[in-house]
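Visitor: I'm new to this one and don't know where to look. Could you pick a single part, take me through it slowly, and then show me what else is worth finding from there?

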Amino acid sequence: MRWKRPLLWIVAVVTTATACGGASHSAPRAGGSPAGVANGKPAPQRSAAASAGLPTVGVLLDEDGHWCTASVVDSPRGNVVATAAHCVYADGSASSDFSFAPGYGGKGAGRTPYGTWKVRTVQVADAWKAAGDDADAHDYAFLTLDPDGRGRQVQQVVGAARPDWTSGPERRVTVTGYPNADHNPDGTPVTCTTDTRRDPDLAGSMRMECDGFFDGTSGSPWLADGRLIGVLSGGDTDTESTAVVFDARTRALYEHAVKAAATPAAPAPARP
């Protein structure tokens, strides 16, 4: 079974146009910077755009389809992924019988170009187990995966993002996620590169303003300079998304997952 909690907003239709930043041949502004460029960098996007996605980013998947986004985190054994806690743990129990499909895409049942990996364990903070949605400061989770049918770990196949446990809340991030089919019938990942700021409503969290992260994008990785600094967990309006900034508490949960990842799976019970 799986749990899914809708995100806290309804947002505008995802645009497939180029990112807000002006055409590539815009005339230069006074001072020498082209339109859509500030301090030598492209302007932050205001809407997510359909993209090719990343091999390390995919969906949580079961026989009913996909419902949240997750991504591979660098780990010693190569079998840990990150997502949002509300995607995999609710009402006192963890989701079960589901898989991770990196690089997912396509209509209907979709395509899994890199295969699928069965989720073996779900690691969420004790505070989330105790309080659930009232513990938004702990809305992140690490999952461990079984090898695929060829004995490979997911990181061997698609790579991984290294986590950053000391990031500040004000960064330029790239966020990739998978909206659910009702807003995204083509199963296309969407991506936004924009700037974050401190979330004034939740200590230890950051906020970005970028349309297009519909239900299904919970758990999307927030990458700053290629390193994972958080996962999408919620939002207050139709233009805002939030994430807890990874810190020492997040690292402790990750290390717990790493330890679980190194523990061999229990053998299946013998049939009578």
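**Starting from the aromatic rings**

Guide: Let's begin with two residues, Phe 142 and Tyr 254, both of which are buried. Keep in mind that this is a predicted model. To count as buried here, a residue must have under 20% relative accessible area.

Now for the rings. Searching the whole structure turns up seven aromatic pairs. Take Tyr 140 and Phe 246: their ring centres sit 6.2 Å apart with the planes at 75°, so this pair is edge-to-face. Tyr 140 belongs to the loop between helix H2 (126–131) and E11, while Phe 246 belongs to the loop between strand E17 (240–244) and helix H4 (248–261), so the pair ties together parts that are 106 residues apart in sequence. Tyr 140 is buried, and Phe 246 is buried too.

Back to our starting pair. The ring centres of Phe 142 and Tyr 254 are 5.7 Å apart and their planes meet at 70°, so this pair is edge-to-face. Phe 142 is in strand E11 and Tyr 254 in helix H4, so here the parts tied together are 112 residues apart in sequence. Put these four rings together with Trp 165 and you have one aromatic cluster: Tyr 140, Phe 142, Trp 165, Phe 246 and Tyr 254.

From here, let's step over to the nonpolar cores. As a rule, in soluble globular proteins nonpolar side chains tend to be buried together. The largest nonpolar core in this model has 24 residues, and those touching the most other members are Leu 60, Val 88, Phe 98, Phe 100, Val 124 and Leu 143. Two or more residues each come from strand E5 (65–73), helix H1 (85–88), strand E10 (117–124), strand E11 (141–145) and helix H3 (154–158). A second, separate core has 17 residues, and there you meet two of our ring residues again: Tyr 140 and Phe 246 are in it, along with Val 73 and Ala 161 among others.

If you want to sit inside the largest core for a moment, pick Phe 98. Leaving out neighbours within four places in sequence, the contacts of Phe 98 include Leu 60, Val 88 and Leu 143, as well as Trp 67, Val 119 and Val 122. Charged residues turn up among the contacts of Phe 98 as well, namely Asp 62 and Lys 118.

Thr 56 makes a good next stop. You'll find Thr 56 in the loop between strand E3 (49–50) and strand E4 (57–62). With 14% relative accessibility, Thr 56 counts as buried. Beyond residues up to four places away in sequence, Thr 56 touches Ala 70, Ser 71 and Val 72, plus Phe 100, and also Val 158, Gly 159 and Ala 160.

Next, the cysteines. The count comes to two disulfides. One joins Cys 68 and Cys 87, with the sulfur atoms 2.1 Å apart. The torsion about that S-S bond is about -80°, so the disulfide is left-handed. Cys 68 sits in strand E5 and Cys 87 in helix H1, so the bond ties together parts 19 residues apart in sequence. The other disulfide links Cys 192 to Cys 210, again with 2.1 Å from S to S. Here the torsion is about 110°, so this disulfide is right-handed. Cys 192 lies in strand E13 (residues 190–198) and Cys 210 in the loop between strand E14 (205–209) and strand E15 (221–224), so the tied parts are 18 residues apart in sequence. Cys 68 and Cys 87 are both buried, and so are Cys 192 and Cys 210.

Last come the charged pairs. The structure holds 15 salt bridges. In one of them, Asp 146 pairs with Arg 120, the closest N and O atoms being 2.9 Å apart. Asp 146 is in the loop between E11 and H3, and Arg 120 is in strand E10, so this pair ties together parts 26 residues apart in sequence. Arg 120 has 26% relative accessibility and so counts as partly exposed.

For a buried example, go to Arg 207 and Glu 240, whose closest N and O atoms are 3.2 Å apart in their salt bridge. Arg 207 is in strand E14 and Glu 240 in strand E17, 33 residues apart, so to speak two distant parts of the chain linked up. Arg 207 and Glu 240 are both buried. Through shared partners, these two belong to a salt-bridge network with Arg 46, Arg 197, Asp 199, Asp 201 and Glu 209.

Conventions
Residues numbered from 1 in each chain as written. Predicted model: local features only at pLDDT ≥ 70, side-chain atom pairs only at ≥ 80, totals over all residues. Heavy atoms only, no water. Core = buried A, V, L, I, M, F, W, Y, C linked by side-chain atoms within 4.5 Å. Buried < 20%, exposed > 50% of the residue type's maximum accessible area, 1.4 Å probe, protein only. Helix = DSSP H or I, 4+ residues; strand = E, 2+ residues; numbered from the N terminus. Contact = heavy atoms within 4.5 Å. Disulfide = S-S within 2.5 Å. Phe/Tyr/Trp six-rings, centres within 6.5 Å; stacked < 30°, edge-to-face > 60°. Salt bridge = Lys/Arg side-chain N within 4 Å of Asp/Glu carboxyl O.
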